[in-house]
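User: I'd like to go through this model and ask how the labels on it are justified. Can you set each value against its cut-off for me?

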Amino acid sequence: MLPNLVDAAEGEVVSLIPLSKAALEGWRAAATPAQRAWAEANGFAAESGRTLALPGEGGRVDAILVGIDSASDPWAFAGLPTGLPVGTYRLDDSAEAATATAAAFGWALGGYHYGRYKGPERASAKLVWPQGADRAAVERAASATTLVRDLVNTPANDLGPAELAAAAEALAKEFGARFSVVTGDELLTRNYPMIHAVGRASSRAPRLIDIEWGDPSAPKVTLVGKGVVFDSGGLDLKDSGNMLLMKKDMGGAAHALGVARMVMMARLPVRLRVLVPAVENAVSGDAFRPMDVYRSRKGLTVEIGNTDAEGRLVLCDALEEASSEKPEIIVDFATLTGAARVALGTDLPAMFSNDDATADALAAASRRVEDPLWRLPLWQPYNRLLKSGIADINNAPDTRFGGAITAALFLERFVAPGVPWVHIDLYAWNGADRPGRPKGGEAMTMRAVYALLEERFGGGR
C-alpha cells in the first residue's frame, strides 16, 4: 500500500539510529572513540531531522544518526526518503514503538508525490517496516493523507462536481458503503435549495454526495465537507490573486472523505454518514446575486450579502440534513474564511464547537497525535451582525471583523439543539516545501478527528 516502505530488504541495508537531545549523551557513552570524535567534529547535536552518516570500513556507511524532537516526531524522518541516497534503510531495533510508528508515518509522507501530470524528480529511498510500528495506524493515516492531497492538488478542469462524486463513489465501493447523489434540478425537488443556488451558474451541475457505512444500530457519526471545486467568488468576483488557489476550495470535502477512509479502514463500530455538497461557484446569466433571498432546507430565509460567502450556503443545507438524524456527533470541514487565516495563520486550523466536552476531547486528541488546531469561540453577541432587514439571516456581515466567528455562527443556526457539532475552518494547503509536507494540498486535523472518534466510539479496538 505504501510503496516506499517494504517488508524485507534486498541487498545492503543501512541502519538508522534515532536520537533525541536527551538520548545523545547515552549514545556518546556507548559509541567508539572514533564515532564520538566524528559526531563532535560534525557538530551533530540531535536537532530534529538532522542526520549524520557514521563511516565504517572501506568507505561504507556504518549507520546514520537521526535527530528527533520527541519519541513521536514524524517530521524528523520525513525528509529522509528524498534526502538520503537511494537505497534501503532500517530503523535500529532499540527504537521504542512510538518512534517506530513515527518513522514509518514520516517516511510514507516524505515519499509523497502528486504524479498525475509529471513524475518525481528522483526515486524515494525505502524503509523496512520498523519493528514495533503500528502498521495499521500508519497505513490508515498515510493513505488518507494521500487521498486528501491528491484531491486538493487536482486542478478544477479535471475535478469538477462529477469527478469529486466519482472519487467518493470509488471510496464507498472499496469498503462496501452505500453511495447516492442528488444532482442538478433534483436538488430543488429534494429541498436542497442553497446548494442549487450556489452551483446553478456552472455548466457542471451541482450535487449532494451521500455515503453511508456501518451497522445501522451503531452510534451515528456524520461528516460534512465543503465541496466547492472552484470558487470564482460568483458575481462578487475575486481578484486574480485571491482566485489563484481556489481549486483547493473543495479541501473540506477531501478531509471528510479522508476521515471516512480512516474510519472504514479501522472498521470502527459506528454508523458513518458523509455529506458533501459539490458545486462550482461560477459566473453566468443564471448566477445567484447579491441581495437575493433564498429559503434554505431548514426553512430559514437567507439574504445574500456576498456571493463569495458561498461555502456556508452549501454547508447549511447539508448540516440541516445531518442534524435531522440526531447523530452522536457532526464534524464539518471547510476552507471557509480568510479571517481564520489572519487570526491563526495557514498551519493552524480554527475549531468551533457547541459542546465543551467534545471540543476539549478534540483538543486533547490534537495534542496527542501532534495534529494541531485551535479553538475559537462561538461568540453569541456577534449574531447581531448576521441580521437582515428582509430575511431571517444574512450570509455575509457588513464588516471585516470576526469573520471566522460570524461564519461559524451562521452554520450553528442549521445544527439541531443538543447535537454535538464541530466546525473546522482550515487552509488545506502548504505554501512552501517542508520535509514530508510539499507545497500543495495538505491534510490538517484529520488525524486529530479520527483519534477523537476512535477514543469515543472505538469499542476497545
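Analyst: Sure. Val6 stands opposite Val128 in β6. Keep in mind that this is a predicted model.

User: What makes β1 and β6 a pair?

Analyst: Two strands pair if there are at least two bridges between them. β1 and β6 (residues 126–128) are joined by 2 bridges and run parallel, so they meet the cut-off of at least two.

User: Why is β1 called an edge strand?

Analyst: The sheet is open, with 6 strands in the order β1-β6-β5-β2-β4-β3 and mixed pairing. β1 (5–6) and β3 (51–55) each have a single partner strand, so one side of each has no neighbour in the sheet. Helix α2 (residues 33–41) packs on this sheet, where it touches β3 and β4 (61–67), and its direction makes about 145° with that of β3.

User: How do you know that Ala104 is buried or exposed?

Analyst: Buried means under 20% relative accessible area. Ala104 has 0%, so it counts as buried. The residue sits in helix α5 (residues 97–110).

User: Which residues does Ala104 touch?

Analyst: Leaving out residues up to four places away in sequence, Ala104 touches Leu5, Leu127, Trp129, Pro130 and Val138. Take Leu127: it is 23 residues from Ala104 along the chain, and their C-alpha atoms are separated by 7.6 Å. Contact is a matter of heavy atoms within 4.5 Å, so the C-alpha separation isn't the value to test against that cut-off.

User: Over to the other sheet with mixed pairing. What is the strand order with β12 in it?

Analyst: That open sheet has 3 strands, ordered β12-β13-β17. β12 (293–295) and β17 (393–394) are at the edges with a single partner strand each, so each has one side without a neighbour in the sheet.

User: And what makes β12 and β13 a pair?

Analyst: They share 3 bridges in the antiparallel sense, and the requirement is at least two, so they pair. In β13 (residues 301–303), Glu303 is the residue opposite Val293.

User: Why is β14 called mostly covered?

Analyst: 6 of its 6 residues are buried. On one side there are Ile329, Val331 and Phe333, and on the other Ile330, Asp332 and Ala334, so both faces are covered, given that each of these is under 20% relative accessible area.

User: What are the pairing partners of β14?

Analyst: Strand β9 (residues 220–225) runs parallel to β14 and is joined to it by 5 bridges. β18 is also parallel to β14, again with 5 bridges. With at least two needed, both count as pairs, so the label holds. Val224 has Asp332 as its bridge partner in β14, while Ala334 stands opposite Asp425 in β18.

User: How do you know that α14 has the expected span for a helix?

Analyst: The expected span is 1.5 Å times one less than the number of residues. α14 (residues 356–369) has 14 residues and reaches 20 Å from first C-alpha to last, close to the 20 Å expected. After the helix comes Glu370, with a positive phi near 55°.

User: What do the buried residues of α14 pack against?

Analyst: They pack against β14 (329–334), β15 (350–353), β16 (374–375), β18 (421–425) and α16 (446–457). Among the buried residues of α14 are Thr358, Leu362 and Ser366. As for the spacing, an α-helix has 3.6 residues a turn, so residues three or four places apart point the same way.

User: Two residues with positive phi caught my eye, Lys326 and Ala428. Are they buried or exposed?

Analyst: One of each. Lys326 is at 52% relative accessibility, and exposed means over 50%, so Lys326 counts as exposed. Ala428 is at 0%, so Ala428 is buried. Lys326 has a phi of about 50° and lies in the loop between α12 (311–323) and β14. Ala428 has a phi near 60° and lies in the loop between β18 and β19 (429–430).

User: Last one: how many residues of domain 1 are in contact with domain 2?

Analyst: 16 residues of domain 1 are in contact with 17 residues of domain 2. The bounds are 5–133 for domain 1 and 139–458 for domain 2, and their centres are 37 Å apart, taken over C-alpha atoms.

Terms used
Residues numbered from 1 in each chain as written. Predicted model: local features only at pLDDT ≥ 70, side-chain atom pairs only at ≥ 80, totals over all residues. Heavy atoms only, no water. Helix = DSSP H or I, 4+ residues; strand = E, 2+ residues; numbered from the N terminus. Buried < 20%, exposed > 50% of the residue type's maximum accessible area, 1.4 Å probe, protein only. Axes fitted to C-alpha atoms, helices over the stretch in contact; angles between N-to-C directions. Domains from an automatic or database assignment.
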